[in-house]
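User: I have a model open with two bound ligands and would like to know what stands behind the terms used for it. Could you take me through them?

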Amino acid sequence: MAKNIAVIGAQWGDEGKGKVIDYLAGKADVVVRAQGGSNAGHTVVIEGKKYALHLVPSGILNKNAKNIIGNGVVFDPEGFFDELRKLEDDGIETKGKIFLSDRAHIVFSYHKKLDALAENARGTENIGTTLKGIGPCYMDKIERSGLRICDMEDISDFRTKLSAQIDAKNEIITKLYKEEPLDKEEILIKYIEYAERLKPYVCDTSVMLHEAMLDQKTVLFEGAQGTMLDLDLGTYPYVTSSHPVSGGFPVGSGIGEGRIEEVVGITKAYTTRVGEGPFVTELLDETGGLIRERGNEYGATTGRPRRCGWFDSVVVRYSARVNGTTATALMLLDVLDVFPEIHVCYAYEHKGKIIENFPASLKTLQECTPVYKTVKGWETDISGCRTWEELPEQTKVYIKEIETLTGIPVKIVSVGPRRDQTIIREEIIS
Ligand code: GDP
Ligand code: IMO
Ligand code: MG
């Protein structure tokens with residue numbers, strides 16, 4: 001059994017990564033976030049209480065796991081301290097359990113402002129971002145003008161660098177977008193204060209991870225977003241600005257390629273997407289509405305209703321290939337309890353031709369229609385099932401169909417949001 005396990009979103013995010021990480025973290029020593037930022041919304045439900053995690057890894061709700069925010073994350077100090085306060089208000093111990101990479105880039109208030117201005121300027125072509133400043137922060141990183149956590153060490157230096165950045169962004173805000181400039185002094189004061197408050201969390205997390213691995217510790221890599229939101233491999237430009245695929249972990253956490261032994265694809269038993277962009281199996285009818293209501297499909301970060309549709313094996317097969325997925329965790333299966341018939345898309349039809357591999361072109365995607373197989377529903381409440389044997393035969397047929405169509409074994413089945421509503425078909429952690 002594996003020691004270093006990656007958990008990735010196999011679809012468009014919100015597949016239930018938080019729940020699985022929390023579940024597996026009970027046996028893990030370290031949980032690592034390696035990309036994205038506070039655009040993530042990972043829900044964990046423990047004893048009826050709901051926790052929404054954004055920047056803090058979902059291992060925080062377990063007593064023993066150490067939680068790393070790796071170098072690939074874009075770190076928003078404001079969001080981070082808000083989140084910490086909420087966790088502490090809920091009686092969750094966070095002291096000494098969170099470690100922040102000194103190489104992580106910092107999200108500033110101007111990144112959030114620029115996110116909103118760019119979305120507005122896109123008009124009807126908008127991406128539907130979470131407005132957390134993710135894209136603009138990664139833009140600075142790629143452009144090599146971003147500020148990192150290690151830049152906060154020397155305050156006078158930090159002040160100079162940040163000042164120059166605020167001036168540069170104010171040029172864009174006033175000249176390009178014709179808006180009022182941001183208050184420079186206010187930003188400087190705020191972030192210099194954060195620099196002080198962050199000190200206890202900062203370290204070289206790559207060294208920490210390396211040592212944990214040498215000590216044979218169990219490490220969980222917590223993906224954020226999902227494969228189809230990957231900057232390179234997703235439905236560009238309707239994507240996020242990072243690499244949610246498994247390949248994002250080595251770079252985003254500073255470990256060698258090849259260290260990850262198991263890649264668990266967190267996969268909804270149907271499909272959802274929040275924000276704009278192509279979605280071949282989307283249901284704009286009552287069935288889509290029923291999935292939304294039963295799955296409580298409203299964003300954990302923005303509260304937006306999620307678009308819903310049937311399971312798309314073209315997407316999940318693609319995801320299995322680009323992530324090297326070794327196991328599927330099939331989530332929210334209970335949501336389908338009421339349907340007499342369930343449809344599974346096994347291919348797309350494009351201009352009379354069958355397509356089995358997810359196409360790159362958005363134009364092609366928009367012209368694709370789903371080709372469905374119909375599986376009989378089980379029409380039974382499965383939320384109380386705790387073992388594979390207890391699942392209705394018809395539910396097993398559906399799961400096996402998904403295994404056949406995606407080529408990946410389903411090792412975990414989730415039948416409700418709570419920790420105990422989890423069926424382990426095959427253990428993942430030793
Ligand atoms: P993440 O971003 O991948 O961590 O997923 P989210 O937390 O954004 O969305 C998943 C939602 O589904 C959350 O509200 C979870 O509490 C909920 N959830 C997770 N697993 C199950 C399940 O098996 N059944 C049901 N009904 N809800 C689930
Ligand atoms: P978790 O980790 C679902 C989507 C946004 C938008 C696009 C770009 O909870 O699964 P961004 O703010 O990242 O620039 O927005 O990506 N998006 C997510 N959708 N789950 C997420 O995270 C997401 N994070 C970003 O809705 O379409
Ligand atoms: Mg989410």
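**Ligand contacts and their definitions**

Analyst: Happily! Let us begin with Gly 16, where a backbone N or O atom lies 2.9 Å from an oxygen atom of ligand 1. This is a predicted model, in which local features need pLDDT of at least 70 and side-chain atom pairs pLDDT 80 or more, while totals for chains, interfaces and linings use all residues. Residues are numbered from 1 along each chain as its sequence is written, chains are lettered from A and ligands numbered from 1 in the order in which they are written, and side-chain values use heavy atoms, with hydrogens and water left out.

User: What makes the pair between Ser 414 and ligand 1 a polar contact?

Analyst: A polar contact is a pair of N or O atoms within 3.5 Å; within protein, one must be able to donate a hydrogen and the other to accept it, and residues adjacent in sequence count only if both atoms are side-chain atoms. A polar side-chain atom of Ser 414 lies 2.5 Å from an oxygen atom of ligand 1, so the pair qualifies. The backbone of Gly 41 also qualifies, with an N or O atom 2.8 Å from an oxygen atom of ligand 1.

User: How much of ligand 1 does the protein bury?

Analyst: The protein buries 95% of the 590 Å² that ligand 1 exposes when taken alone. Such areas come from the Shrake-Rupley method with a 1.4 Å probe; for residues, only the protein chains shown count as cover.

User: Why is ligand 1 said to lie between two domains?

Analyst: Domain 1 (4-101 + 202-262) and domain 3 (266-424) both give residues to the shell around ligand 1, so the ligand lies between them. The domain bounds come from an automatic or database domain assignment.

User: Which residues are nearest to ligand 2, and what makes a residue near?

Analyst: A residue is near a molecule or strand if one of its heavy atoms lies within 4 Å of it. Ligand 2 has 20 residues around it, and Asp 14, Lys 17, His 42, Thr 130 and Thr 240 come nearest. A polar side-chain atom of Lys 17 is 2.7 Å from an oxygen atom of ligand 2. Polar backbone atoms of Gly 41 and Gly 128 lie 2.9 Å and 3.3 Å from an oxygen atom of ligand 2. The protein covers 98% of the 550 Å² of accessible area that ligand 2 has on its own.
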